[in-house]
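I opened this notebook to record what I looked up, going from the pairing of strands to single residues and then to the chain as a whole.

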Amino acid sequence: MDAIAILEPVPAFFRKELSELSFHLWDIDLPSLKTAHENHSRIKGLVIRSKSTVDDSLMNALPNLSFVLRPGSGLENVDQKAASKRNIKLIN
């Protein structure tokens, strides 16, 4: 099953909506996500808030990443140029 990695806490209603999209929700912190892991190929999406940074190296570690979702405003913590090169959709 495809997964969404949730890097920072989000409200319960938000989690409910995501789980209804038939994704496995995987709560993980950024340092753990940056290490090699067998589940990286399952991750299709990331949910971040303001503390996590999605840079080129993280995108390289997640070969099937297709979207980054940030509830709230702004995407200053996402390398938008790297995301564009990889056709990763940015949602906020």
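**Entry 1: the middle of the sheet**

I began with Val 47, and I found that its bridge partner in strand 4 is Leu 69. I note here that the model is a predicted one, and I read what follows with that in mind. On the other strand that pairs with strand 3, I looked up Ile 6, which stands opposite Val 47. I then followed Leu 69 onward and saw that it stands opposite Ile 91 in strand 5.

I next listed the bridges behind these pairs. Strand 1 is joined to strand 3 by four bridges, the two running parallel, while three bridges join strand 3 to strand 4, again in parallel. Strand 4, which covers residues 67-69, has three bridges to strand 5, and these two strands also run parallel. I checked how well strand 3 is covered, and I found four of its five residues buried.

**Entry 2: the sheet as a whole**

What is the order of the strands in the open sheet? I read it as 2-1-3-4-5, with five strands and parallel pairing. Strand 2 (24-27) and strand 5 (89-91) stand at the edges, and because each has a single partner strand, one side of each is left without a neighbour in the sheet. From one strand to the next, the twist averages 20°.

I also looked at what lies over the sheet, and I noted helix 1 (residues 12-19), which lies across strand 1 (3-6), strand 2, strand 3 (43-47) and strand 4. Its direction relative to strand 2 is about 135°.

**Entry 3: strand 1 and Ala 3**

I turned to strand 1, which is joined to strand 2 by four bridges with the two strands running parallel; within this pairing, the bridge partner of Ala 5 in strand 2 is Trp 26. Which residues of strand 1 lie on each of its faces? I found Ala 3 and Ala 5 on one side and Ile 4 and Ile 6 on the other, all of them buried, so that both faces of the strand are covered. This fits what I expect in general, since side chains in a regular strand alternate between the two faces of the sheet.

I then took Ala 3, which has its place in strand 1, by itself. Its relative accessibility is 1%, and it counts as buried because the cut-off is under 20%. Leaving out residues up to four places away in sequence, Ala 3 touches Phe 23, His 24, Arg 42, Ile 43, Lys 44 and Gly 45. For a distance check I chose Met 59, which is 56 residues from Ala 3 along the chain, and I read 15 Å between their C-alpha atoms.

**Entry 4: the loop after strand 4**

Is Arg 70 buried or exposed? I placed Arg 70 in the loop between strand 4 and helix 4 (80-85), and I found it buried, since its relative accessible area of 7% falls under the 20% cut-off. I looked for polar partners of the side chain, and I saw that it reaches the backbone oxygen of Ser 73 at 2.4 Å and the backbone oxygen of Gly 74 at 2.6 Å. Setting aside neighbours within four places in sequence, I listed the contacts of Arg 70 as Ile 48, Arg 49, Ser 50, Leu 75, Glu 76, Asn 77, Ile 91 and Asn 92.

Pro 71 lies in the loop between strand 4 and helix 4. With neighbours within four places in sequence again left aside, Pro 71 is in contact with Val 10, Phe 14, Val 47, Ile 48 and Arg 49. I also took the C-alpha distance from Pro 71 to Pro 31, which is 21 Å for a separation of 40 residues in sequence.

**Entry 5: the chain overall**

Finally I stepped back to the protein chain, where I counted four helices and five strands, which follow one another from the N terminus as β-α-β-α-β-α-β-α-β. The radius of gyration is 12 Å, close to the 12 Å that the globule rule gives for 92 residues, so the chain is as compact as a globular protein of that length. Along the principal axes, the C-alpha atoms fill a box of roughly 30 × 30 × 25 Å.

I noted that buried residues make up 41% of the 92 residues. Of the contacts with a separation of 6 or more, 37% are between residues 24 or more positions apart. The chain exposes about 5,300 Å², and carbon and sulfur atoms supply 51% of that area.

Conventions:
Residues numbered from 1 in each chain as written. Predicted model: local features only at pLDDT ≥ 70, side-chain atom pairs only at ≥ 80, totals over all residues. Heavy atoms only, no water. Pairing = 2+ DSSP bridges. Axes fitted to C-alpha atoms, helices over the stretch in contact; angles between N-to-C directions. Contact = heavy atoms within 4.5 Å. Buried < 20%, exposed > 50% of the residue type's maximum accessible area, 1.4 Å probe, protein only. Polar contact = N/O pair within 3.5 Å; in protein donor to acceptor, adjacent residues only side chain to side chain. Rg over C-alpha atoms; globule rule 2.2 N^0.38 Å. Areas by Shrake-Rupley, 256 points an atom, 1.4 Å probe, with all protein chains shown as cover.
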